[in-house]
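I opened my notebook to look up a few things in one structure. I wanted sheets, cavities and a handful of single residues.

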Amino acid sequence: MEESEPLAALEGAAASCSSWGAGSTNASLPIMTTESVEIDDALYSRQRYVLGDTAMQKMAQSHVFLSGMGGLGLEIAKNIVLAGIKALTIHDTEKCQPWDLGTNFFLCEDDVVNMKNRAEAVLQHIADLNPYVHVTTSSLPLNENTDLSFLHKYQCVVLTEVKLSLQKKINDFCRSHSPPIKFITADVHGIWSRLFCDFGDEFEVIDTTGEEPKEIFISNITQANPGIVTCLENRPHKLETGQSVTFREIHGMTGLNGSTQQITVLSPFSFHIGDTTDLEPYLHGGIAIQVKTPKIFCFESLERQIKHANCLIADFSKPEEPLQIHTAMLALDQFQENYNRKPNIGCQQDSEELLRLATCISETLEEKPEIDADIVNWLSWTAQGFLPPLAAAVGGVASQEVLKSVTGKFSPLCQWLYIEAADTVKSVGKPEPEEFLPRGDRYDALRACIGDSLCQKLQNLNIFLVGCGAIGCEMLKNFALLGVGTGKEKGMVTVTDPDLIEKSNLNRQFLFRPHHIQKPKSYTAADATLKINPQLKIDAHLNKVCPATETIYNDEFYNKQDIIVTALDNVEARRYVDSRCLANLRPLLDSGTMGTKGHTEVIVPHLTESYNSHRDPPEEEIPFCTLKSFPAAIEHTIQWARDKFESSFSQKPSLFNKFWQTHHSAEEVLQKMQSGDSLEGCFQVIKLLSRRPRNWAQCVALARLKFEKYFNHKALQLLHCFPLDTKLKDGSLFWQSPKRPPSPIKFELNEPLHFNFIQNAAKLYATVYCIPFTKKDLSADTLLNILSDVKIQEFKPSSKVVQTDETARKPDHVPISSEDERNAVFQLETAISSNEATKSDLQVTVLSFEKDDDQNGHIDFITAASNLRARMYSIEPANRFKTKRIAGKIIPAIATSTAAVSGLVALEVLKVAGDYPFEAFKNCFLNLAIPIIVFTETSEVRKTEIRNGISFTIWDRWIIHGKEDFTLLDFINAVKEKYGIEPTMVVQGVKMLYVPIMPGHAKRLKLTMHKLVKPSTEKKYVDLTVSFAPDSDGDEDLPGPPVRYYFNDDTD
């Protein structure tokens, strides 16, 4: 990156309070510059993979004005400051009140006692989220008489808690500016929320989706008008009609190379392009690459959109609902204009007035939507309240829109979004007004939305939160605001996470600060959560939740929990927690994000399917032969380089150490080998010992030999086995797409890529073999001096067979010849006689791959190795940034989607706590980049029929109590007697206890269950799977539910 103004220049810039009189607010803001700014990768690395550097640069030069520091405004402020805008002005004229404590997570009781201005109270907390963002505050009145010229300095204006007439005035001002100031307004009224965006008449978006451009390998192109492009078998192009592609590496029809063509999709494997009749016939090869083209989005003013609302539909089962909520909320705006207040809780007269206003307003709208009296009634009833999880959800979406407005990255919301939580009250039946009235505490805003009874249930909840990363931090904040686990006698939040805080976490995990780095996540988050709500009871653990910790998280522990919430980053852990919830009949709320995408899933005993009921398709593995000899894409060369790192610096050193821990001296091993003993791994270990570098020069020489082997001899060997004119049995060329012929690379030290490989490989060898090196040792001059003495052997073809079968897997063991054995004995004898097999020689350092340490050389080695291999195969190289993502399997992440997803999960917590019916629960998938938000019903649990009216679901469990001498036959008879059907097969996990057709299994009927199952002393039961004889011969056995067998009568 070229010399630039570092973002760190703003570090430590004091948050300050100011007015906007005579432009004084912006006088204290850093001066906007068009120069690029340096991006702190250690902080922003996960977000850079979402937004890209161009958007990050634009964002780091943007100024945002945000009015309203209630719960919603604070959510938006949190997310955009974490993201890394340049400067934020927060505005509020209100004083802190008791119920703000239940909506605003940065306020404390002292702020209420001292009647602090809300913006001033949260200012330092917001500024502490990101040292690179300059945060100022203002508390001057913002009303119809305010001179709006102070807004000229901002690229985006965000309004919350502002009346509609003033929103219109500010929107008109923003539109009149050149270029238009981007305008966003958002509100939460009770269980209803709305979001509106206006980015001007024409808003250009550089990248509408943020997805990587697709690359398609071509198998054929017809000579026709239009030409039809067909891609390789089993590799769908995933393009859409109207998109454009460019071509490269086509043989024959070379006129297409470098051209850009708009496509029309014919099938998942083919598409039309332009006229190809005048081009040469297609021979082979070629890649089509998707071309990203900018798109213009046209917005209308708030005034116009009120009459003709363009709404994003989030629930397709109720497509009419957004306009109905739109009408009801406009009626609420009018009610506030007329009466200078919101409707009173439970007031029938106010509800009727709101309905009258809604009916009148509907007639003025172009669509004239039908009025839904329930929506109007519940809006009137709850409008004085505030639902924190709903604010988290809409705040996450609104924050992403702010980032879009200042970067031009991703498709903006056009133009309204309504998210509601009506399911939280629809199951209440006929509510009593007293339930919803304020009590003068921090939960008044929540109580006005869901009633006091549900508030009490939340306070008495025991919740187990698994994971304390980005979603975990957001969930703890939501629990604190909802009062979860704060009951005087009941209620507790248990959180566990084994990880320590890293700098890259600070960009999303908002409970952590720089001074928390390398401290435990769970303990730190628990302390921070208590600052939000000191009444919370929280128990923080450092354990992983897995089979190894089942003594801690046993059945007794799970049965004490009311809800399990996962905040995990991998499928395997989710599946395990799900299995424990299923076994103990506990509700599970799962969620996850990847970049701007997110999902939530509700799992409720006896109502829904479990997480394990559905399986995502397995990740496609790169075939072994592709990795080893025939890479076709940069992902292949990066995986190859990562494998080389693991093999050279982790697996082999680990094998070396383990071998010498088992065999304590080289002399002992030599003696055993000479006696003909077979020692596992000895040949590889002796080879490593004999080639062990003893000084820095030998590390450099070893790196140079590896260069020759990997990037020169490997290519020559492949071309020896398969010359360029090699043909397959059908007469087609062997070397055609996707196979690429390699070109041997001649070593040149003045080539930066060659130098980087040697330098980083030598560094890593030196680290493994405990050889010190200095900065001077790494210099080009030192390396050149060493390399000039390195003898490189000429290439000699070998007789090794090159694997070309894509289904073949990597062999577990390489066969050892008698010559290999003789060589190993000779090498060990030489090492011993040379005094190079001492105790210190039999120990090396094992490297663990660490992607986030820029000093260790791990990513640098992989980048150099991958790009050299890519050059060898004429594959487009990848920079260090992309290589790090792929090699490190980094999941892109951003605070906006995390906040939205956790808010939606917390809404489902309310429903589980309230024991709501199946229809109330909602799963969600969202992608804030496009943007789409889709709510769906959960998957209803399936019932499996056995026979004769006997059925079961995954939540059912049959129970059998045994005793010390209970045999397998006793167990089968007990099932038959209790449940009316006789098992024909009994299985424990993957172990078959009884299958009649298996030899010897009939004898097992007389064995005791203790002898068959072999339980540990503390194990009280075992879960078995049974099946039953089919109705007719030849059919498969009928499945049965799990059977929990208790070893003694007195346990349950």
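My entries follow, grouped by topic.

**Entry 1: the starting point**

I am working with a predicted model.

**Entry 2: the eight-stranded sheet**

I began with a sheet of 8 strands. I read their order as β23-β22-β21-β24-β25-β26-β27-β28. The sheet is open, and its pairing is mixed.

Next I asked which strands stand at the edges. They are β23 (538–541) and β28 (932–937). Each has a single partner strand, so one side of each has no neighbour in the sheet. From one strand to the next, the twist averages 15 degrees.

I then looked at how β28 is held. Strand β27 (residues 922–927) is joined to β28 by 6 bridges, and the two run antiparallel. I picked out one bridge: Cys 924 has Phe 935 of β28 as its partner. I noted Phe 935 for later.

In general, strands of a sheet pair through backbone hydrogen bonds, in a parallel or an antiparallel way.

**Entry 3: helices across that sheet**

I checked two helices here. Helix α18 (residues 521–532) lies across β22 (492–496) and β23. I found α18 running at about 160 degrees to β23.

Helix α31 (residues 895–913) lies across β21 (462–466), β24 (563–566), β25 (588–594), β26 (597–603), β27 and β28. To β25, α31 runs at about 170 degrees.

**Entry 4: the seven-stranded sheet**

I moved on to an open sheet of 7 strands. The order is β14-β13-β17-β11-β12-β16-β15, and the pairing is antiparallel. The edge strands are β14 (260–262) and β15 (264–267), each pairing on one side only. On average, neighbouring strands here are turned by 40 degrees against each other, direction ignored.

I looked closer at one edge. Strand β13 (residues 244–251) and β14 share 3 bridges and run antiparallel. One residue I followed was Val 245, whose bridge partner in β14 is Gln 261.

**Entry 5: the largest cavity**

How many cavities of 30 Å³ or more are there? I noted 2. The largest cavity has a volume of about 250 Å³.

I counted its lining next. There are 18 residues, and those nearest the centre are Asp 315, Glu 321, Ile 419, Glu 420 and Phe 935. So Phe 935 came up again: the partner of Cys 924 is also in this lining.

Which elements each supply at least two lining residues? They are α9 (321–339), β20 (416–420) and α31. The largest share comes from α31, with 4 residues. By class, I wrote down 10 nonpolar, no polar and 8 charged residues.

**Entry 6: the second largest cavity**

This cavity has a volume of about 30 Å³. Its lining is Ser 648, Phe 649, Lys 706, Tyr 710, Phe 757, Ala 761, Tyr 765 and Phe 861. Two or more of these residues come from each of α22 (634–662), α25 (696–721) and α26 (752–768). The most come from α26, which gives 3 residues. The classes are 6 nonpolar, 1 polar and 1 charged.

**Entry 7: Arg 575**

I found Arg 575 in helix α20 (residues 571–584). Is Arg 575 buried or exposed? Its relative accessibility is 14%. Buried means under 20%, so Arg 575 counts as buried. I left aside neighbours within four places in sequence. Beyond those, Arg 575 is in contact with Tyr 611, Asn 612, His 614, Arg 615 and Asp 616.

**Entry 8: strand β31**

In a regular strand, side chains alternate between the two faces of the sheet. I followed this along β31 (residues 958–961). Trp 958 and Ile 960 point to one face and are buried. Ile 959 and His 961 point to the other face and are not buried.

I also looked up a partner of this strand. Strand β35 (residues 1038–1046) is joined to β31 by 4 bridges, and they run parallel. Opposite Ile 959 stands Arg 1044 in β35.

**Entry 9: Met 56**

My last residue was Met 56, in helix α3 (residues 53–59). With a relative accessible area of 3%, Met 56 is buried. Leaving aside neighbours within four places in sequence, Met 56 is in contact with Ile 39, Tyr 44, Gln 47, Arg 48 and Leu 51. I also noted a distance to Val 37. Met 56 and Val 37 are 19 residues apart in sequence, and their C-alpha atoms are 9.0 Å apart in space.

Note on methods. Residues numbered from 1 in each chain as written. Predicted model: local features only at pLDDT ≥ 70, side-chain atom pairs only at ≥ 80, totals over all residues. Heavy atoms only, no water. Pairing = 2+ DSSP bridges. Axes fitted to C-alpha atoms, helices over the stretch in contact; angles between N-to-C directions. Contact = heavy atoms within 4.5 Å. 1 Å grid on protein atoms, 1.4 Å probe; cavity = no way out; pocket = protein on both sides within 12 Å on 5 of 7 lines; lining within 4 Å. Points joined across faces, edges and corners; volume = space filled by probe spheres on them. Nonpolar A, V, L, I, M, F, W, Y, C, P; charged D, E, K, R; others polar. Buried < 20%, exposed > 50% of the residue type's maximum accessible area, 1.4 Å probe, protein only.
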